[in-house]
Amino acid sequence: MSTVPVVRVALPTPLKRLFDYRADPAGGCAIEPGMRVRVPFGRQRLIGVAIELAAGSELPEERLKPVLQRLDLQPIFDPATLTLLAWAADYYHHPIGEVLATALPKALRLGAAVDAAEARWVVTPQGREAYARGEPRRAPRQGQLLAALAARDPGAADPNPSDPGLSVADLDARFQPWRDAARALVARGWVNVIEVRPAAAPAPAPDSAGPSQGPEPNDEQRVAIERVCESLDAFGGFVLHGVTGSGKTEVYLRVVERALRLGRSALVLVPEIGLTPQLVGRFRQRFAVPMAVLHSALTDNERLLAWREAFSGRARIVLGTRSAVFAPARNLGVIIVDEEHDTSFKQHEGGFRYSARDLAVVRAQRAGVPVVLGSATPGLETLQNVATGRYTRLLLTRRAARAVPPRLSLIDLRSSAIHAGISTPAVRAIERHLEAGGQVLVFLNRRGYAPTLLCTACGWIAPCRDCDARLTVHLAARRLRCHHCGADTALPERCPQCGFAVKAVGQGTERIEEALATLFPGIPCIRLDRDVVRRRGDMEDAMRRMATGEARILVGTQMVTKGHDFPNVTLVVVLNADQGFFSSDFRAPERLAQTIVQVAGRAGRGERAGEVLIQTEFPDHPLLRSLLAEGYDGFARAALTERSQTSWPPFSRLAALRGSAKTAEAALEFLAEARRVADDLRGGRAQGAWAQRVRLLGPAPAAMAKRAGRHHAQLLVESAERASLHRFLGLWLPALEALPSGRRVRWALDVDPIETF
Ligand code: ADP
Ligand code: ZN
Ligand code: ZN
């Protein structure tokens, strides 16, 4: 025990605790919570974040070491974000040092300055010569960029020495996209990135949001906007439940505009930027203020630059994917989570498994601002929070731009003729819509040519060596690929077992594209899936070809279901609706219903009415029936009733202990031991009655037990009460860490798992 003032620091170690240091650094500058500090740790020096100050320590004074260096002049996390980090570490039972690793760009964890200079792209002398020679000849985007930079900087005598080159904001405003081209120019030595000290961040001008463009909100939109804006100074959880095309984005834009006018900033979370270029575009179009965009395709340096834009307050809108929930935002005014049901908001691999949607709500609470969770298909958890009064639901029941909702109907696959996965009624409908001048979207959630390669003579099926899965045929590439581990081999001509010819069985998007080309010769068709969309820009390109009408049919996977707006798509065909209804995962029907509703929402967004055809072998499935008869609301009611009868979330709380090992025995043995430890804990006399309200389910192997050569298993922990569950986890985890059998197993705890195989 000592009574010297200390600072408690979160360090990048797997230990679930803070570390005490003397709070009197050599320089005599005071340390505040939220600042980075460099401290001695064993024989190393580590950079950590000061979380709190304290008047004393458990450690004796002589064992307290001093902070070596303070890295920041001001805290890099505001108090609200700092408590969010601490809350997340606690709730997800994860070391706070590793939580920080998710929250901070790598460069900052390594000690980069936060307020440093702004990056500018400038032309090099070689670049100027190349430009004079008329290069680059075959890369138009690079050519435009180089020309702009050369014009900006016409010779050795730079006209603006204090303001050289072009900034991120300049480039964003003039070229979209530009990063790939800029990178290529840098690689060729024609362009350099330099750093300049920008003028102080401009004070937010009240009118910088610009005059409002965009359509006049309709009544429902106006109510939603008003309700959120009434509470701009206090926490409020709002669920913007609007059918696809009802103008949710317009509501976000107006709410953000209001926050900007008050001098506040906005944080907007989206599932995947690559998949939602339209949303980013609409924000850029509407607001003149700089925006920081954070997503996973950025390099470490780009991420640092975007983070600084946000931190400095230059960027008034921060838009990003999952980890942007931790991004700095000066004077935060509102948080928006678009497509809140999307599973990509939950990190479900690696160390720190958090839900950005749930953390957004906690952050809004801490910051005292409203949070808007928008979706056409809110998650069942979210709807239950509406039912219990935790969130306020704002409904948009009508499509905004005069569009009417699409008509859904089922095609019974058992009684229809089928050609390559497409039933005759579907073919006729496609024909009809094309003849009427419409565009058609065909959805199948399986990429590749066919999911199975079969020998018709001996029954051999091409298996993945490392997974409990079949290899998918990729015909154009002439490869067999595993969609679970990435295994990739040549497509055999003959059966390796008996030498007979092999046959591709079943459909993937590649085969559907081929079938459509045969059925509708001369009709331009494009495909969207992860095999064709490899680079940024591919997606935009496909969107453009659909928007201009150059393409008439779009075939794709999940990728086509996300927020795109194709006013001329009048028909959507869902080729196979059956995958979701027979999974062991209790969430599978919810996912399927969401997918169907989302993809159906792509139809008839313009003036012409849309039609949606769903092919199924189970037209009488009760959940599918309720979805068709009563829409997503009806489905949600039926599904929630089922969840409450079976006590699954949201009527209980779950955590999954997952383990994987080289052998199934090792993984299961560890989990069995974990279960014994749990049973002892719960049975212990010291525990109160709460311990009895925690149940364990399993261990059991995963549905696909073997993946990438490792065997996976899980043990579920369930309780009706969140507090009991967490109290239990807090006692259980330290005991697990001490288990010897845990050393041969990779294991992790997943709180609120979204996959429970
Ligand atoms: P959602 O995000 O709910 O799917 P969007 O915001 O993309 O819907 O709106 C669908 C279309 O309707 C867009 O083209 C949008 O510009 C238009 N729109 C939105 N609100 C209005 C309105 N009040 N009046 C007319 N058109 C609108
Ligand atoms: Zn064979
Ligand atoms: Zn595999």
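**Figure 1. Glu 550 is partly exposed, with a relative accessible area of 45%, and pairs with Arg 545 in this predicted model.** Welcome to the first close-up, where two side chains come together. Glu 550 and Arg 545 form a salt bridge, with 3.5 Å from N to O. Arg 545, like its partner, falls in the partly exposed class, and its relative accessible area is 26%. Elsewhere, Arg 179, Asp 180, Arg 183 and Glu 302 are joined into one network by salt bridges that share partners. Counted over the model, the salt bridges come to 44. As a general note, side chains of opposite charge can pair when their charged atoms come close.

**Figure 2. Asp 541 and Arg 544 form a salt bridge within helix H16.** The closest N and O atoms of this pair are 3.0 Å apart. Helix H16 covers residues 538–548, and because Asp 541 and Arg 544 are 3 residues apart in it, about one helical turn separates them. Asp 541 is partly exposed, at 35% relative accessibility. Arg 544 is partly exposed as well, with a value of 42%.

**Figure 3. Arg 527 and Asp 529 meet in a salt bridge between buried residues.** Here the N to O distance is 2.9 Å. Are these two partners buried or exposed? Arg 527 is buried, with 16% relative accessible area, which lies under the 20% limit for that class. Asp 529 is buried too, and its relative accessibility is 0%.

**Figure 4. Four cysteines hold the zinc ion (ligand 2).** The donors are the SG atoms of Cys 455, Cys 458, Cys 495 and Cys 498, which lie 2.2 to 2.4 Å from the ion. The angles among these 4 donor atoms run from 101 to 115°, and the site is tetrahedral. Along the chain, the donors follow the spacing C-x2-C-x36-C-x2-C. Cys 458 sits in the loop between strand S20 (452–455) and strand S21 (472–474), while Cys 498 sits in the loop between strand S23 (488–490) and strand S24 (502–505), so this pair ties together parts that are 40 residues apart in sequence. Cys 458 is partly exposed, at 34% relative accessibility. Cys 498 is also partly exposed, at 40%.

**Figure 5. Ala 457 lies in the loop between S20 and S21.** This view stays with the loop that holds Cys 458. Which residues does Ala 457 touch, once those up to four places away in sequence are set aside? They are Cys 498 and Phe 500, and Cys 498 is one of the donors of the zinc ion (ligand 2). Ala 457 is partly exposed, with a relative accessible area of 47%. Follow the chain for 15 residues and you come to Thr 472, whose C-alpha atom is 20 Å from that of Ala 457.

**Figure 6. A second set of four cysteines coordinates the zinc ion (ligand 3).** Look for the SG atoms of Cys 464, Cys 467, Cys 482 and Cys 485, at 2.2 to 2.3 Å from the ion. What geometry does the site of the zinc ion (ligand 3) have? With angles of 104 to 114° among the 4 donor atoms, the site is tetrahedral. In sequence, the donor residues are spaced C-x2-C-x14-C-x2-C. Cys 464 and Cys 467 are both buried.

**Figure 7. The largest nonpolar core gathers 82 residues.** Phe 77, Phe 326, Leu 657, Phe 728 and Trp 732 touch the most other members of this core. Which helix gives the most to this core? Helix H19 (residues 664–683) does, with 8 residues. Phe 728 touches Ala 678, Leu 681, Arg 682, Trp 690, Val 694, Leu 696 and Val 717, leaving out residues up to four places away in sequence. Another core, of 38 residues, lies apart from this one and has Leu 380, Met 546, Val 560 and Phe 635 among its members. In soluble globular proteins, nonpolar side chains tend to be buried together.

**Figure 8. Helix H5 spans the distance expected for its 13 residues.** This helix runs over residues 140–152. At 1.5 Å a residue H5 should span 18 Å, and its end C-alpha atoms are indeed 18 Å apart, so the two values agree. The buried residues of H5 are Gln 142, Gly 143, Leu 145, Leu 146, Ala 148, Leu 149 and Ala 150.

Conventions: Residues are numbered from 1 along each chain as its sequence is written. Chains are lettered from A and ligands numbered from 1 in the order in which they are written. This is a predicted model: local features need pLDDT of at least 70, side-chain atom pairs count only at pLDDT 80 or more; totals for chains, interfaces and linings use all residues. Side-chain values use heavy atoms; hydrogens and water are left out. Donors are N, O and S atoms within 2.8 Å of the metal (3.2 Å for Na, K and Ca); water is not among the atoms, so sites may look incomplete. Four donors count as tetrahedral if all angles lie between 85 and 135 degrees; four count as square planar and six as octahedral if opposite donors are over 155 degrees apart and all others between 65 and 115; anything else is irregular. Helices (H or I, at least four residues) and strands (E, at least two) are DSSP runs, numbered from the N terminus. Buried means under 20% relative accessible area, exposed over 50%, partly exposed in between (1.4 Å probe, protein chains only). A nonpolar core is a set of buried Ala, Val, Leu, Ile, Met, Phe, Trp, Tyr and Cys residues joined through side-chain atoms within 4.5 Å. Contact means heavy atoms within 4.5 Å. The expected span of a helix is 1.5 Å times one less than its number of residues. A salt bridge is a side-chain nitrogen of Lys or Arg within 4 Å of a carboxyl oxygen of Asp or Glu.
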